Amino acid sequence: MRLSRRALLAATTAATALSSASPAAAAPRRPRTGFERLAADGYALLDGQRVGVVTNPTGITRDVRHIVDVMHADDRVNLIAVFGPEHGFRGTAQAGGSEGRYDDPATGLPVYDTYLKSGQPLADIFTASGVDTVVFDIQDVGARFYTYIWTLYDCMEAARLAGKRFVVLDRPNPVTGRAAQGPVLHKEFATFVGRQPISQAHGMTVAELARLFNGEFLSAPVALETVLMSGWKRSEFYDTSGLPWVPPSPNMPTPDTALVYSGTCLFEGTNLSEGRGTTRPFELLGAEGVDGRWAAAVGELGLPGAHFREAYFAPTFSKFQGKTIGGVQIHVHDRAAYDPVRTGIALLVTAKRVWSGFAWRSDNWIDKLTGSTQVRTAIDAGAGPDEVVAGWREELAAFRATRREYLLYR
């Protein structure tokens with residue numbers, strides 16, 4: 001722990017009323033996002049600043065206007081640039097793609113591509129754009145391997161290198177902020193699906209993550225300010241917020257997808273389909289040769305909160321494109337009891353036991369997703385779900401203790 005950096009972080013965050021105000025103080029009837037509170041304050045936090053926004057289609061108001069369009073039309077904000085992450089600012093690119101550099105037809109603003117850029121090259125983009133303050137507003141889904149939180153991290157580090165202010169506008173964690181779950185990344189396995197040692201399901205909002213990154217992981221703190229939500233509670237799922245859902249990426253169509261994603265995305269590290277190319281990605285899993293034995297095997301485990309249905313489907317793209325394959329569909333019936341990470345592990349264990357064709361991806365991508373070799377080697381050794389989960393218990397407890405110091409909501 002670096003206590004001096006935490007003290008600096010606390011002082012920086014306390015510098016603005018929006019950042020330090022208790023989200024419970026106003027007790028509104030419904031949650032208000034960071035952007036809603038920023039706008040309600042007349043954009044005072046951005047006064048006199050040339051502003052650039054890191055965002056995607058999820059950066060919207062309650063009446064589904066994009067914040068870039070709103071701020072561009074408001075004389076109180078000097079918005080001069082937009083920075084697009086994976087999938088792009090307007091969201092036209094599939095997984096592993098971006099929209100490149102272009103001028104936005106709706107606003108005329110220059111859009112810069114941040115995808116797979118970090119460090120000094122990304123700092124140079126911020127410098128070339130002419131901005132003084134970089135604002136981040138993207139809806140996260142609560143999983144370590146969802147790349148937007150590492151866009152946040154990379155942009156914070158680049159803003160520090162370029163000498164820019166960094167402002168994070170908070171939004172709900174759609175699967176609640178109740179608990180951190182799953183294995184913690186080991187630094188030697190760091191990639192764009194996990195830059196730093198946080199748990200697989202982090203249970204934090206983007207503002208809380210930004211404070212964690214600033215206090216624990218950046219090479220030096222950036223000038224960070226966070227605009228918190230008001231009226232949001234850690235126990236709340238997304239549909240209680242009254243906010244419209246916009247898919248953060250093409251294969252995250254609903255909050256139901258986000259609920260299972262932090263566990264079933266692990267199937268990207270196998271030769272089974274994770275449901276891409278279907279209307280239920282990450283809820284449908286399968287492969288050629290898989291039959292009803294898998295659903296029966298995982299059902300026998302009595303996992304809380306979910307039923308597992310034998311399912312057959314034909315993905316329209318990605319793995320097994322155009323082929324009818326067998327597998328399971330996850331039906332979550334009690335989301336408060338559902339543990340997505342433990343369920344994902346149980347699905348991996350049972351798939352390997354009942355289907356002779358099971359294989360890990362040849363590049364051991366599963367190790368990048370889980371953050372170490374522990375999960376893969378334990379499953380290969382015949383471990384059951386509880387034994388696999390026990391393998392990360394101590395490191396998870398340590399992360400939870402660190403995480404607790406950066407939580408902003410009750």
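Here is a walk through the inside of this predicted model, from its nonpolar cores to a cavity and then to its aromatic pairs.

Let's start with the cores. In soluble globular proteins, nonpolar side chains tend to be buried together. In this model the largest nonpolar core takes in 105 residues, and the members touching the most others are L152 and F166. The element that gives the most to this core is helix α6, spanning residues 148-162, with ten residues. L152 is worth clicking on. If you skip its neighbours within four places in sequence, L152 is still in contact with F136, F166, V168, V206, L209, A210 and F213. So what else is there? Another core, of 21 residues, lies apart from the largest one, and its members include L38, V68, V77 and V167.

Next, the empty space. Rolling a probe the size of a water molecule over the atoms shows where empty space is left. Searching the whole structure turns up one cavity of 30 Å³ or more. The largest cavity holds about 60 Å³ of space. To find it on screen, look for T58, I60, Q139, R171, Y238, L243, P244, W245 and V246, which line it. Sorted by class, that lining comes to six nonpolar residues, two polar and one charged.

Now for the rings. The count of aromatic pairs is 16. One of them is the tilted pair of Y115 and F192, with 5.9 Å from centre to centre and 55° between the planes. What parts of the chain does this pair tie together? Y115 sits in the loop between β4 (110-113) and α5 (119-129), while F192 sits in the loop between β7 (181-184) and β8 (199-201), so the pair joins parts that are 77 residues apart in sequence. Are these two rings buried or exposed? Buried is under 20% relative accessible area, so Y115, at 13% relative accessibility, counts as buried. F192 is buried too, because its relative accessible area is 12%.

Another pair to look at is Y146 with Y148, and this one is edge-to-face: the ring centres are 5.2 Å apart and the planes make an angle of 90°. Both of these tyrosines, Y146 and Y148, are buried. They also belong to a wider group, since ring pairs link F145, Y146, Y148, Y261 and F282 into a cluster. Y148 also falls at the start of the 148-162 range of helix α6, which brings you back to the element that gives the most to the largest core.

Note on methods: Residues are numbered from 1 along each chain as its sequence is written. This is a predicted model: local features need pLDDT of at least 70, side-chain atom pairs count only at pLDDT 80 or more; totals for chains, interfaces and linings use all residues. Side-chain values use heavy atoms; hydrogens and water are left out. A nonpolar core is a set of buried Ala, Val, Leu, Ile, Met, Phe, Trp, Tyr and Cys residues joined through side-chain atoms within 4.5 Å. Buried means under 20% relative accessible area, exposed over 50%, partly exposed in between (1.4 Å probe, protein chains only). Helices (H or I, at least four residues) and strands (E, at least two) are DSSP runs, numbered from the N terminus. Contact means heavy atoms within 4.5 Å. On a 1 Å grid over the protein atoms alone, a cavity is a set of points where a 1.4 Å probe fits but cannot get out, and a pocket is an open set with protein on both sides within 12 Å along at least five of seven lines; lining residues have an atom within 4 Å of a point. Grid points are joined across faces, edges and corners, and a volume is the space filled by probe spheres set on the points. Ala, Val, Leu, Ile, Met, Phe, Trp, Tyr, Cys and Pro count as nonpolar, Asp, Glu, Lys and Arg as charged, and the others, Gly among them, as polar. Rings of Phe, Tyr and Trp (its six-membered ring) pair if their centres lie within 6.5 Å; planes under 30 degrees apart count as stacked, over 60 as edge-to-face and the rest as tilted.
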